[in-house]
Amino acid sequence: MNSRQAQWLRRLPALFEIPAPDSGRVRSRIEFMERNVMLPVKAAFIAFIWYSFHYSPWIRQISSALDIAVDMVQGVFWFYLGANVIFAAILLVSRRLPLALVQWTVVTSSLVDGLIIAAMTLVTGGLDSGIFWLFLGLIIRNSVSVPPGFSQFVLNFLISLCYVLVGVLDISMLNNLDPTTLRALDVAPHDDLGQPFALRLMVLWLTGICCYGAQVLLERQRIAGEEAGEFAAREGQLRSAGRLAAEIAHQIKNPLAVINSAAFSLKRSFADGKSDAAQQIEIIQEEVARADRVITQIMGYAQLSEGRVEKLDVVEEFNLAIAQVFPPVVPTRIQIHRDYGRNFQPLLMQRAHLSEILVNLLKNAKESVGETGNIFVQADCRHDHFIKISVADDGPGVPPEMRERIFEAYFSTKENGSGLGLSIVKHNAELYGGKIRLESGLGKGAKFTVIFPAKTLMKFSTA
């Protein structure tokens, strides 16, 4: 086996991996299949079995020859009836119960259904019974009610074992019947399960595999459709934000240019003498220059907003930002401690926006610790698919009176700080529906945490 084939085999399991559906979708699927479909079907099935045991002539004929087996099936039926009363009660109030309890109820219910179907198959012809096809129905039902994964494979395998149990008991019972009973039932004993049994067992396994494969394809198609919608929505809103920022910048820069020209002309007229008017004009020019810098920042947002939304790996982007702020070729006594989780959902956003968030947070921590210290970076994907990133340092911390203003534009706790870094972080995070918070205490360092929803419609505010 060459390296290319080995690499292909390693990638093969990834083709069948799909993220677990969220709890809302799991509940909806369980309610549809178990409560709306299976409860009426089970009620009809129980009524049919009840009628068969008490009023059907064929069950009496079988009972005369296989009374032990029929008595056993009747006992299983009463257990099945009681268990389904409990299952039905849980399903009817499933919205009020923990999802894990509802899921275990579904799994247990399927196993109980497999046992009763096996029992009915045994007394209606054994391996030749047409009830075999109900096992296929159970496997298809499991593919809807049980999320794809190891639990679904195990459950379907146990269902197939129920059919194996039918075969083993069928051989054992027929080999213990006397010739008169065999002639009355028109059956012949056999020593092995035979080829038809193997083919039917193979059909059960293939059905389970095909159902799982169909789920993988449908789930991947659904995820691709949702991601396409997210891409389109985010790019559309970013373009709208960019056009708005560009229009504001254009509308303000024009009158500022006129004011600046007029001020320059006035200043030249007073060039031969000093007066208060000249000083005022200098102030006007300074304010115009400052306003021009602000507009340039807005235009920077406009350029970023015209970028392209991508699927970003949080860990990879974090490592790139660390390499940018702390280049490997430049020695430093600052220690970087990394703590990354696993199974991250991709972030759908512009790389420049995420890079600005990470770089600004890292630069802020670097400036806080000085020449030596510790910086702790962390990234994790929560169970609700929210992605949390944080940058902490062991610097002097942020004074309590400054924490409320720390994210304001042009506000800085540093002597030479621009006051734009953390405001840009806040702007970029909120653009994607994220939030940022600060945890700090004097002498205890500072920790900035940004939380992103993995899927969201972005927000843009002109305020």
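Me: Which helices each supply at least two residues of the lining of the largest cavity?
Reply: Happy to help, and note that this is a predicted model. The residues lining the largest cavity are Arg27, Ile30, Glu31, Ser94, Arg95, Leu99 and Val102. Matching these to the helices, the ones that each give at least two lining residues are α2 (23-55) and α5 (99-123).

Me: Which helix gives the largest share of that lining?
Reply: Arg27, Ile30 and Glu31 are among the lining residues, and helix α2 spans 23-55. With three residues, the largest share of the lining comes from α2.

Me: What is the volume of the largest cavity?
Reply: A search of the structure turns up one cavity of 30 Å³ or more. The volume of the largest cavity is about 30 Å³.

Me: How many charged residues does the lining of the largest cavity have?
Reply: Arg27, Glu31 and Arg95 are among the residues lining the cavity. The lining also has three nonpolar residues and one polar residue, and its charged residues number three.

Me: Now to the rings: how are Phe135 and Tyr163 paired, stacked or edge-to-face?
Reply: The whole structure holds seven aromatic pairs. For Phe135 and Tyr163, the ring centres are 5.6 Å apart and the planes meet at 65°. Planes over 60 degrees apart count as edge-to-face, so this pair is edge-to-face.

Me: How many residues apart in sequence are the parts that this pair of Phe135 and Tyr163 ties together?
Reply: Phe135 belongs to helix α6 (residues 133-145), while Tyr163 belongs to helix α7 (residues 150-175). The pair therefore ties together parts whose separation in sequence is 28 residues.

Me: Is Phe135 buried or exposed?
Reply: Its relative accessibility is 0%. Buried means under 20%, so Phe135 counts as buried.

Me: And what about the pair of Tyr163 and Phe197, stacked or edge-to-face?
Reply: Their ring centres lie 5.3 Å apart, with the planes at 15°. Planes under 30 degrees apart count as stacked, so the pair of Tyr163 and Phe197 is stacked.

Me: Which helix holds Phe197?
Reply: Both Tyr163 and Phe197 are buried. Their pair links distant parts of the chain, 34 residues apart, with Tyr163 in helix α7 and Phe197 in helix α9 (residues 194-269).

Me: Which residue lies over the face of Phe132?
Reply: Phe132 forms one aromatic cluster with Trp133, Phe135, Tyr163 and Phe197. At 4.8 Å from the ring centre of Phe132, the residue over its face is Arg200.

Me: Over which ring does the charged end of Lys366 sit?
Reply: The charged end of Lys366 is 5.3 Å from the centre of a ring. That ring belongs to Phe326.

Methods. Residues are numbered from 1 along each chain as its sequence is written. This is a predicted model: local features need pLDDT of at least 70, side-chain atom pairs count only at pLDDT 80 or more; totals for chains, interfaces and linings use all residues. Side-chain values use heavy atoms; hydrogens and water are left out. Rings of Phe, Tyr and Trp (its six-membered ring) pair if their centres lie within 6.5 Å; planes under 30 degrees apart count as stacked, over 60 as edge-to-face and the rest as tilted. Helices (H or I, at least four residues) and strands (E, at least two) are DSSP runs, numbered from the N terminus. Buried means under 20% relative accessible area, exposed over 50%, partly exposed in between (1.4 Å probe, protein chains only). A charge sits over a ring if NZ of Lys or CZ of Arg is within 6 Å of the ring centre and within 35 degrees of the ring normal. On a 1 Å grid over the protein atoms alone, a cavity is a set of points where a 1.4 Å probe fits but cannot get out, and a pocket is an open set with protein on both sides within 12 Å along at least five of seven lines; lining residues have an atom within 4 Å of a point. Grid points are joined across faces, edges and corners, and a volume is the space filled by probe spheres set on the points. Ala, Val, Leu, Ile, Met, Phe, Trp, Tyr, Cys and Pro count as nonpolar, Asp, Glu, Lys and Arg as charged, and the others, Gly among them, as polar.
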